[in-house]
Structures are given as C-alpha cells and as structure tokens.
Amino acid sequence: MRAPLIATLVFAALTIPSARADRIAPCADRFGTGAECGHVTVFEDRAAGKGRQIELDVVVLRATGGTSAEPVFLLAGGPGQAATDLVGASMFLGQVRRVRDIVLVDQRGTGDSNPLMCPTRIKTDPASAFGGLWDPEAIGRCRKSLAKDADPTLYTTDHVVDDLDEVRRRLGYDKVLLWGGSGGTRTALVYMRRHPDRVVAAALDGVAPTDFRAPSGYARGCQDALDKVFADCAAQASCARAFPKLEADFAKVLGLFDKGPVATTVDLPDRDPVRIRMHRGDFTYAVRGILYNSLKIAGLPRMIHRAAETGDVSAFARAYWHRSADILPELAVGVHLSVFCAEDVPFLDDLDLDALTRDTFVGDYLLDQYRAACDAWPAEPVDRSYLQPVRSEIPVLMFSGYYDPSTPASTADAVAAHLPNSRHVVARNESHGAGFGCGLELLVDFLDRGSLEGLGPACENAGPIVFQVGD
C-alpha cells in the first residue's frame, strides 16, 4: 500500500531533473467526482534527453475508499485511441476503484498529448470514405504537415511504454496493474518486458502481441469469423429456416463486385441519401467491421440474405460509413501508422502471405492498403528482436471473443505459451473486446486481487449469438 496522494500533488521533478514539474488538480467537471487532471512533460526523443518536449495528458480517478493500493493503468487501443476516451469503461470498475486509483494517460501522439491527427472529410463527405482504406496522397500530406511538431519515428510502443513508466514515477506509484484492450494489449506486454519489476498483474482483452505483424492475419481472421457465423446460423433452427443458403447468398453478394464498384447510397442524419460507389474492398471491410461487434453480428445473416435477394448493398455501405465516421475523426492516424509501419508492416515478407490470404473474402486487400499507406508514411523498422514473444511470470488474465476477426483466440493461446502464470477466457458470445461482457465479474475480481489465485469461473454458460431473422 502507498500513502494517498492529495489533490494538489506536485509531480516529483527530482526524478527527471530536466522535465518540468506540473500540478495535478481536481477536474470533476470533466471526469466526475474524485477525478484529477494534469500533465507530465517528457522529451520526445527520450534517448537524447533534450530537444522538443511533449505534454502527456494525465487523468487520475482517485480510489473512492480514500487510500489506494497499486493503481490500474488503462491502456487504449487502435493504436491511436486516447486513453482518456476510456473514462466510460472505468465506470464498470467501481469495485476496483474502491481500493485502487485508475489512471488514464493519453499516450504520446493521441488525445491531448501532442496529437498526430490527419484531417478527414468523412462526416460531411461520405463518398470520401469509399474506394480505399487509406488515401496515400492524403497520408503523405499529413506526414509533411506534422513534421514541424513531431518526429513520427519517435511514437512507437517502446517510447510509449517508457513514457508511462515515467508517469508512474512522477505520480509516486511504486508498482501498477495494467489493463489493455486490443492495441493496448501490446503496450501492456511491452511494459511487462521493459519494466517487469513495476507490474503487479495485467489484464489483456483482444491480444495483439509484439509478433502480431498486422495486417497479416486479418484476412484469415475475417474468414474464420464469418465461417463461424455460417455454422452457427445453420445450427440454429430459426436462422437455418430463414436463410438456408447463407454461404451461397454471401458468394452472390461478393459477385456483385466482379465487374467493378457498385452504385448505392448512404443515409445521413438530417440529409438526403448520398450516392456513392462501393468497391469490393469497401464491402469486405464493412463485413469486417460488423464482425467486430457481437450485437451487429446478430443481424449479419439477414443483411447478407437481403443483399443477395435484392442486389442492394446500401445496408453494408451505411455500416461502413457509420463506423468510419465514428472512428477515424477521433483516431490519431499518425500514431496508428507510426506503430504499424515500424513494428508490423516491415516484417510481412517473412510470412507466407499467399497462404494467409488464399480462399478468404478479404484477400490481399488490407495488405495492399497498409503497404501503400506505409510507403507514404516512412518509418524506421524496430529491431527484429522486438518480435520475440514476451516472457514473464507476472499474473496475466486474457480475454478473447469467439467471433473476433482481428485478434482471434489462437493468438492469445500462442501468447499464453510464454506466460506460465496466465489464464485465457474465450467468450463464446462475444467478438472484439470480450472482458466487459460475460467476463466482467472475473475481470473486476482479478484487478481487485491483483492475482489469479482464488478466481472463479467465467463465461462457461455463454452460448453462441442468437441471430435475428425478422424485422
């Protein structure tokens, strides 16, 4: 246990003599009762220890019991999401917060921490979202515009992790617990590798390890997830009756794109429908986005069947645009590419990419899209040793969703092979991000205890998604 920190805590400047001492103060108006906000200033070039500095936005949700055991750091995904966006998720951790502070740090390049944002017109111009995941020319312009305020080569995970450990020191914590979701799981794993003596325990939801090499597994992951939907629909009497030829229906919808883009519309709030041209890649990415969310998966067989019957793909165009409009304007694309273009894409050629994409509905679309984006966002590859699995005795609780198209359970199983003090829970009724579903009680208990000892069961009674068949 550490002594509680008062609301006007001054960060310990003696720890890092060259960094400014900042004040943390109550910010209940932004993040609710017991929240305190401030900044920790770090060098952008940590190795040089001089030059441009970055203010990291920090929010501390104080333990409601008045004193705190080791805090929980919540690590956002993307990469490119701001950790302060997770304040809503922290509401599910009320029991944990009784005894532990919850700390949110916008990693360098995200949120209010020198954000590497690339402008987008997606919300006002839906057509701009279609025709490719990334526009290399726009990416190149963004890289040039950010150059005066940032060196994107210094926004990789190792730098992020060392920032976080500096925040830990400056806040006066001796050790921490980590929760990471999606891309944040990699951050947690690298923290465990670089600062093992500072981590009590870690919870990982949707595991994307250091050797993930995104987007190499995306096509196969999407196909496997869709195949699970086909199989589960066939096994449910109501779904099988309503959609008896679902796989053939899907093949028929894919066939609509054989001759090129398909003209359709996107419905907008408070505006007339906008006409767009949907490419095959857009359609496959729309399906991938639906497969991310268990609630949306429930309606996927019906969407496929209707599109096959009518030739109308507007429901998929609408899903694609809404997801893009929700995510991309808030995502620090510069961080997303700085990580993937240094830690993943440079090592794709080590793999049998043909085997990973053959006989999948996504094919090599995402490989091509990320390679083109990284050509426009040059990055220095990390050392190949970075790809080595993280090995640790730290207690680790992992969650995977059965239908997850991006970080399937098999990935977490491979990670667990190097974490002997770990437990892996697969939620049968979930997709990407499963720990706040049937696993929530287990997650809370784990973060409360900081140990796997004595934990009860989780998700054993969860069955497959029940598919919607009517309006």
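Biologist: How many aromatic pairs does a search of the whole structure find?

Modeller: In this predicted model, the search turns up 14 aromatic pairs.

Biologist: Take Phe73 and Tyr173. What makes them an aromatic pair, and why is the pair called edge-to-face?

Modeller: Their ring centres sit 6.4 Å apart, and the cut-off for pairing is within 6.5 Å, so they count. The planes are at 80 degrees, and over 60 is edge-to-face, so that's the label.

Biologist: Where in the chain do the two rings come from?

Modeller: Phe73 belongs to strand β4, while Tyr173 is in the loop between α5 and β6. They are 100 residues apart, so the pair links distant parts of the chain.

Biologist: How do you know whether Phe73 and Tyr173 are buried or exposed?

Modeller: Buried means under 20% relative accessible area. Phe73 has 1% and Tyr173 has 2%, so both are buried.

Biologist: And Trp134 with Tyr370, why is that pair edge-to-face?

Modeller: Same kind of check: the centres are 5.8 Å apart, the planes are at 75 degrees, and the label needs over 60, so edge-to-face fits. Trp134 lies in the loop between β5 and α4, Tyr370 in helix α16, 236 residues apart. Both of these residues are buried.

Biologist: Which residues do ring pairs link into a cluster?

Modeller: Phe230, Phe250, Phe257, Phe283, Phe316 and Phe361.

Biologist: Zooming out, how do you know that the chain agrees with a compact globule?

Modeller: For 471 residues, such a globule would have a radius of gyration near 23 Å; the chain has 23 Å, so the two agree.

Methods: Residues numbered from 1 in each chain as written. Predicted model: local features only at pLDDT ≥ 70, side-chain atom pairs only at ≥ 80, totals over all residues. Heavy atoms only, no water. Rg over C-alpha atoms; globule rule 2.2 N^0.38 Å. Phe/Tyr/Trp six-rings, centres within 6.5 Å; stacked < 30°, edge-to-face > 60°. Helix = DSSP H or I, 4+ residues; strand = E, 2+ residues; numbered from the N terminus. Buried < 20%, exposed > 50% of the residue type's maximum accessible area, 1.4 Å probe, protein only.
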